[in-house]
Amino acid sequence: MSADIIIHNARILTMDDAHPRAEAIALTGNRITAVGSNDEILELAGPATRIVDAGGATVLPGFNEAHMHIFGGSVSLGELSLFGVSGFDALSKAVRDYADANPDLPLLVAQTADYTILSETERVTRHHLDRIIPDRPFMMVAPDRHTAWANTIALEKAGILQGRDVGVGNEIVMGEDGLANGELRESNAMRPVASMSVTGGREGLGVGTGGDPEHVTPEERAGDIAVLKKGLAYCASLGITSFQNMDGNLYQLEMLDEIEKTEGLAARVRMPYHMKNFMPLSDLEEKAAVWKARFDTDKLRCNFVKLFMDGVTEGETAVFVDDYAHKPGWKGEPLFSGDAFNTVATEANRLGMPVAVHAIGDGAVRMVLDGYEASINASGRKDMRNRVEHIEVVHPDDIKRFAETGTIASMQPTHPPGSAGLPLEPYRTYIGRERWPLAFAWKTLVDAGATIVFATDWPVSPLPPLSCIGDAMTRQPWAEDMPDQRLSLQETLAAYTRTSAWVEYMEDRKGVLKPGYLADVVVLSGDIEATDPASIAALSPVLTICDGRVTFEAGGGR
């Protein structure tokens, strides 16, 4: 039988240690038929075979984005981006132009508003936003999506201008006048405003509450599916053939399942069950395990548990071992007690589900590692592939514990302040000079034996994997005495392909290009090995194939 697609004249990096390089690859159905020389593979062509000349460019396994939020990211494609906007005048113009272009939106929403968007010393309040747009509800969200700022009319309509108890780890910041000052920290504080948006804030439920919308009309659901399809097409355009969606609610799973059954997902999706601190432990067996059994295909899986241990440093909600440098006496408040998290981790692992935990500060990271140790002590050492997400700071005493417990470091090269257009402050001041060398320390962890995967946390950071790969290889230290955290190209590509597949327990069928594996392939516009790391972001995918189907082609769309 002849191949359906042959890609030749390529520089194929298979990520297969046994056969690391090739010139051509043949795909039949949704599987890789053969990988080898041009002459060998072209012999498999038939009259109907599509033959692609890569022109000497790199061909890789499709990128696997190990941490992102598909619904929120998809929605953000239609919202105002404040990326790179700095100063009150520039902010004012961007918001007013967006408002003029969208006269019917019930809530104007802007994304990627830096904490220092006004200046390094002046924090945004509702009064600043009222000067820009006083008569329409407006909210802008920080890049990390853990802090937002709203104008007075938005706070009034949301019923939180007078403040409200929003639970541990969340805060409606109050002003000296006894009214909310406009800053909203964490999802419980942001949700009352976000719920006024055109989507009703449904895109935030999976990550914010772990819950589902109470009521959705057929028209709203159809609109949400259309938004998701746009996001999936965007992923395909970036060479992504798999992603691990860190939202965790049934609403998203069922919409993705419908897309797969009607027209096919443009990328493989792995999702968790989102366990919040108010949920009973029995949910793991009664809900999470049920979802795991229900969604269990190579295109859509729900086989792990996601939690938040803390918030973010800039919002002063991250948890540290020692005090914040700028705020003596404050270490942050964890969202789970140590005993509660240990119990959740142990039970999830007992049920055969790995755990992934958002942990920013070194105190939160330590609590997560403690929980994984508790699971090992309770049930023995198993191949659980538990993860810590972000690890913005790690305590020196905990570095070796990643390898010792088999814990995966899931990190984002786009997140270090000073990288990917992010400002250095207030982050560096908040963590303090002593912690700088162990901030975003991915090479330190790799050198200590940790397994690492990379991602962007989109829409927290821009999604293109090639930009993220470039960031991982060009990271500049904040001071001369800081360690070099850059990784090699091969290490970085592995973190975006082979290792991410291993994390999903799918290393036997994806993440490398070898016969019998799933046909997930990306063809780049040039030779990545011959490209200076600082210029890798200028490369682009020209062809993306997922499950043997062309999901993106430069100049031709899907």
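Q: How many helices and strands does the protein chain have?
A: The protein chain has 18 helices and 24 strands; these are DSSP runs numbered from the N terminus, helices being H or I with at least four residues and strands E with at least two. The model is predicted, so local features need pLDDT of at least 70 and side-chain atom pairs count only at pLDDT 80 or more, while totals for chains, interfaces and linings use all residues. Residues are numbered from 1 along each chain as its sequence is written, and side-chain values use heavy atoms, with hydrogens and water left out.

Q: What makes the protein chain as compact as a globular protein of its length?
A: Its radius of gyration is 23 Å, close to the 24 Å that the globule rule gives for 558 residues, so the chain is as compact as a globular protein of that length. The radius is taken over C-alpha atoms, and the rule is 2.2 Å times the number of residues to the power 0.38. Along the principal axes, the C-alpha trace spans about 80 × 55 × 50 Å.

Q: What share of the residues of the protein chain count as buried?
A: Of the 558 residues, 60% count as buried, which means under 20% relative accessible area (exposed is over 50%, partly exposed in between; 1.4 Å probe, protein chains only). Of the contacts (heavy atoms within 4.5 Å) between residues at least 6 apart in sequence, 73% join residues at least 24 apart.

Q: Why is Asn-245 called buried?
A: The relative accessible area of Asn-245 is 0%, so Asn-245 is buried. Asn-245 is found in strand β15, residues 240–245. Not counting residues up to four places away in sequence, Asn-245 touches eight-membered surroundings listed here in full: Met-68, His-69, Ile-70, Gln-252, Val-269, Arg-270, Met-271 and Pro-272.Q: Why is Pro-396 called partly exposed?
A: Pro-396 has a relative accessible area of 47%, so it is partly exposed. Its place is in the loop between β19 (387–390) and α13 (399–405). Pro-396 and Leu-438 are 42 residues apart in sequence, with 7.4 Å from C-alpha to C-alpha.

Q: How do you know that the buried residues of α3 line one face of the helix?
A: Leu-91, Ser-92, Ala-94, Val-95, Tyr-98 and Ala-99 are buried in α3. Seen down the axis of α3, they fall within an arc of 170 degrees, so they line one face; the arc is that of the directions from the helix axis to the C-beta atoms. The face turned away from this buried side carries the exposed residues Asp-89, Lys-93, Asp-100 and Ala-101. What covers the buried residues of α3 includes β9 (80–81), β10 (108–111), α4 (126–132) and β11 (138–141).

Q: What span is expected of α3 and of α9?
A: The expected span is 1.5 Å times one less than the number of residues. Helix α3 (residues 88–101) has 14 residues and reaches 20 Å from its first C-alpha to its last, close to the expected 20 Å. The 13 residues of α9 (residues 250–262) should span 18 Å, and the end C-alpha atoms are 18 Å apart, which agrees. Among the buried residues of α9 are Leu-250, Tyr-251, Leu-253 and Asp-257. Just after α9, Gly-264 takes a positive phi of about 95 degrees.

Q: Why is the pair of Phe-320 and Tyr-324 called edge-to-face?
A: Rings of Phe, Tyr and Trp (its six-membered ring) pair if their centres lie within 6.5 Å; planes under 30 degrees apart count as stacked, over 60 as edge-to-face and the rest as tilted. By this rule the count comes to 11 aromatic pairs. The ring centres of Phe-320 and Tyr-324 are 5.0 Å apart and the planes stand at 85 degrees, so the pair is edge-to-face. Phe-320 and Tyr-324 are both buried.

Q: What makes the pair of Trp-436 and Trp-478 tie together parts that are apart in sequence?
A: Trp-436 and Trp-478 form an edge-to-face pair, at 5.7 Å centre to centre and 80 degrees between the planes. Trp-436 lies in the loop between α14 (427–431) and α15 (442–447), and Trp-478 in the loop between α16 (465–474) and α17 (489–496), so the pair ties together parts 42 residues apart in sequence. At 11% relative accessibility Trp-436 counts as buried, and at 13% Trp-478 counts as buried. Tyr-427, Trp-436, Phe-440 and Trp-478 form one aromatic cluster.

Q: How do you know that the charged end of Arg-475 sits over the ring of Trp-442?
A: A charge sits over a ring if NZ of Lys or CZ of Arg is within 6 Å of the ring centre and within 35 degrees of the ring normal. The charged end of Arg-475 sits over the ring of Trp-442, 4.9 Å from its centre. Arg-131 lies over the face of Phe-88, at 4.1 Å from the ring centre.
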